[in-house]
Each structure stands twice: as C-alpha cells, then as structure tokens.
Amino acid sequence: MDGKLIVFEGVEGCGKTTQMKLCCQWLESLGISVMVTREPGGTELGLHLRRLLLEKAEDKPVAQVTELLLYAADRSQHVEQELKPNLAAGKYILCDRYTDSTIAYQGYGRGLNIELINQLNYIATGDLKSDLTIWLDVDVEVGLTRKLSGGVRLDRIEQETIAFHRRVQQGYADLAASYPSRIVRVDGSLSQEAVHQIIQEILRGHLKNLP
Ligand code: Z5A
C-alpha cells in the first residue's frame with residue numbers, strides 16, 4: 001500500500017481532534033492528499049454503531065463483550081470500506097482512534113482479556129497496522145476538565161469513573177513502552193501550537209518522503 005495510516009490516540013480531551021485538523025492543514029499545504037476519519041463512526045454503518053455505543057441507556061446497559069464486538073464490527077467495516085482503498089490510492093489517512101483504543105478502553109479500562117482483544121483486532125483489521133500512532137498524553141482530569149469547560153455533554157464512556165480513565169491511561173503508557181517504533185508519546189498538556197510543532201517534527205522523522 002502506498003498511503004500512510006497515522007493514528008491519534010489518548011484519553012478524552014487530549015486534543016486529538018484539534019491536532020488532526022492542524023496536521024491535515026499542514027500536510028495539505030505540502031500538496032499531500034489527506035483523508036480524516038475516526039473510530040467508531042468512520043462509515044455509514046459505523047455511525048449507527050457509534051450511536052449505539054456512546055448513547056447512555058440507563059435501564060439497558062451495553063454488556064462488556066457486546067461493546068467489544070461492536071467496536072470490532074465498526075473497525076472491520078472501516079478497514080474494508082475506507083482504510084484499505086484509500087491507502088491503496090496513496091492517501092495519508094489521519095484516523096482518530098484505532099486498535100490501541102480497544103486495548104486501552106476494553107482491555108485496561110473494562111478488564112477484558114487482552115489476548116482476546118488482540119485476536120479480534122487482527123480479525124477486524126486483517127493485520128493492517130498504523131504506520132505511526134501519536135499518543136497525546138494528558139492527565140485524565142485535565143482532559144475531562146477541557147471537555148466539560150467546552151460545554152459538551154459527556155457520553156457513556158466519558159461518564160465512567162476517574163479510576164476507569166486512569167486504567168485507560170496506563171494502557172496507553174504500557175502500549176507505548178511495548179511498541180516504541182510505532183507509538184510516539186507527545187506531551188498533550190503543552191499549548192496547541194507547541195503540540196502541533198512536535199507532531200510535525202515526528203512526522204518528518206518517520207515519513208521520510210514528505211516534501
Ligand atoms: N472507544 C473505545 O472504548 N474503544 C474503541 O475501540 C474505540 C473507541 C475506537 C469515542 O471517542 C469513545 O469511544 C471514546 C473511547 C471509545 N471514549 N469516550 N468518551 P472519541 O474520540 O469520539 O471522543 P473522545 O475521546 O472523547 O475525544 P474528543 O471529545 O473528540 O476529544 P479530543 O479529540 O481528544 O480533544 P479535542 O476535541 O481536540 O479537544 C478537547 C477540548 O480541549 C477542546 O475544547 C479544545 O479546544 C481543547 N484543547 C485541545 N488541545 C488543547 C491544548 N493543547 N491545550 C488546551 N486546551 C486544548
């Protein structure tokens with residue numbers, strides 16, 4: 001495949017959306033064809049799954065394994081319908097969350113079996129891995145405060161306990177330690193512009209063919 005899959009990961013409010021937008025503008029200014037997408041919800045089917053996954057149903061909670069399988073279904077459709085064809089067409093894909101989110105949230109956060117999640121990720125992606133994953137590392141409370149001060153309503157997963165989000169954060173730290181060539185930690189507590197400059201340097205280092 002000729003394109004590149006660049007994934008942005010991190011806890012809530014870490015700045016993924018902000019940084020993907022800046023990164024997209026920068027890459028396009030270099031004449032690179034960029035596609036921006038996300039999980040869950042990167043396809044029409046995925047948008048339905050996203051609603052099911054993130055809306056809070058007080059009386060009928062989503063079972064943990066059901067949640068895991070819905071994320072896998074969303075990913076499988078996304079990989080087949082969007083990621084593989086666009087990579088083959090040479091696009092640089094900026095993707096908000098991918099396989100590491102499932103390990104961090106369902107594995108570390110919910111406590112589901114990591115080996116099972118690895119198998120599901122393999123099935124859902126056909127072993128398509130990111131070329132580079134940017135982990136925006138911010139303290140959990142900072143991220144949640146950012147979201148709340150933005151006036152948004154917290155979704156089902158955001159309403160989990162601080163302890164849950166801390167386990168998710170630990171998941172990202174362990175993943176970054178295990179896959180240092182694929183996952184790069186960036187201090188997400190810096191200013192938006194400082195974070196963007198660091199991401200530019202990382203991309204220039206990893207993607208040698210940038211103009
Ligand atoms: N999930 C899962 O459990 N398992 C899976 O396999 C997958 C997902 C794929 C949806 O994610 C949920 O799905 C997510 C995990 C779960 N859990 N939750 N909730 P999402 O990506 O759609 O939603 P999110 O994680 O909550 O991200 P977000 O709301 O889009 O936040 P963000 O993109 O990281 O941040 P932002 O929108 O760029 O910034 C948030 C605010 O902070 C905003 O007001 C910015 O202006 C501000 N901001 C951004 N950067 C800075 C800096 N550097 N300084 C100060 N303020 C800043």
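This is a short talk on the ligand site, the two biggest pockets and two backbone oddities in one structure.

Okay, before anything else: what you have on screen is a predicted model. Let's begin with the ligand.

So, who surrounds it? The shell counts 28 residues, and the closest ones are Thr17, Thr18, Arg97, Lys147 and Glu158. Keep Arg97 in mind, because I'll come back to that residue at the end.

Let me pull out three polar contacts. Lys147 puts a side-chain N or O atom 2.3 Å from a ligand oxygen. Thr17 has a polar side-chain atom 2.4 Å from an oxygen atom of the ligand. Then there's Leu190, where the backbone does the job: one of its backbone N or O atoms lies 2.8 Å from a ligand nitrogen. As for how covered the ligand is, on its own it would expose 1000 Å², and the protein buries 83% of that.

Which elements build this shell? Helix 1, helix 2, helix 3, helix 4 and helix 6 each supply at least two residues. Helix 4, residues 99-109, has the largest share, with four residues. And what's the chemistry like? By class, we have 11 charged, 10 polar and seven nonpolar residues around the ligand.

Now zoom out to the pocket. The ligand sits in the largest pocket, and that pocket has a volume of about 990 Å³. It has 41 lining residues, and those closest to the pocket centre are Lys16, Thr17, Asp96, Lys147 and Glu158. You'll recognise Thr17, Lys147 and Glu158 from the list of residues closest to the ligand.

Going by elements, two or more lining residues come from each of helix 1, strand 2, helix 2, helix 3, helix 4, helix 6 and helix 8. Here helix 1, residues 16-29, gives the largest share, six residues. By class, the lining splits into 16 charged, 13 polar and 12 nonpolar residues.

On to the second largest pocket, at about 390 Å³. Its lining has 18 residues, and Asp100, Ile103, Asn118, Tyr179 and Arg182 are the closest to the centre. Helix 4, helix 5 and helix 7 each supply at least two lining residues. The largest share, five residues, is from helix 5. Notice that helix 4 turns up here as well as around the ligand. The class split is seven nonpolar, six polar and five charged.

Last bit: the backbone. Where should you look? Try the step from Glu39 to Pro40, where the peptide bond is cis, with omega near -10°. Pro40 is in the loop between strand 2 and helix 2. For orientation, strand 2 is also one of the elements that line the largest pocket, and helix 2 contributes to the ligand shell.

And now back to Arg97, as promised. What's odd about its phi? Arg97 isn't a glycine, yet its phi is positive, about 75°. You'll find Arg97 in the loop between strand 3 and helix 4. So that unusual phi belongs to one of the residues closest to the ligand, and the loop leads to the helix with the largest share of the ligand shell.

That's my tour; over to you for questions.

Notes: Residues are numbered from 1 along each chain as its sequence is written. This is a predicted model: local features need pLDDT of at least 70, side-chain atom pairs count only at pLDDT 80 or more; totals for chains, interfaces and linings use all residues. Side-chain values use heavy atoms; hydrogens and water are left out. A residue is near a molecule or strand if one of its heavy atoms lies within 4 Å of it. A polar contact is a pair of N or O atoms within 3.5 Å; within protein, one must be able to donate a hydrogen and the other to accept it, and residues adjacent in sequence count only if both atoms are side-chain atoms. Accessible areas come from the Shrake-Rupley method with a 1.4 Å probe; for residues, only the protein chains shown count as cover. On a 1 Å grid over the protein atoms alone, a cavity is a set of points where a 1.4 Å probe fits but cannot get out, and a pocket is an open set with protein on both sides within 12 Å along at least five of seven lines; lining residues have an atom within 4 Å of a point. A molecule sits in a cavity or pocket if more than half of its atoms lie within 2 Å of its grid points. Ala, Val, Leu, Ile, Met, Phe, Trp, Tyr, Cys and Pro count as nonpolar, Asp, Glu, Lys and Arg as charged, and the others, Gly among them, as polar. Grid points are joined across faces, edges and corners, and a volume is the space filled by probe spheres set on the points.
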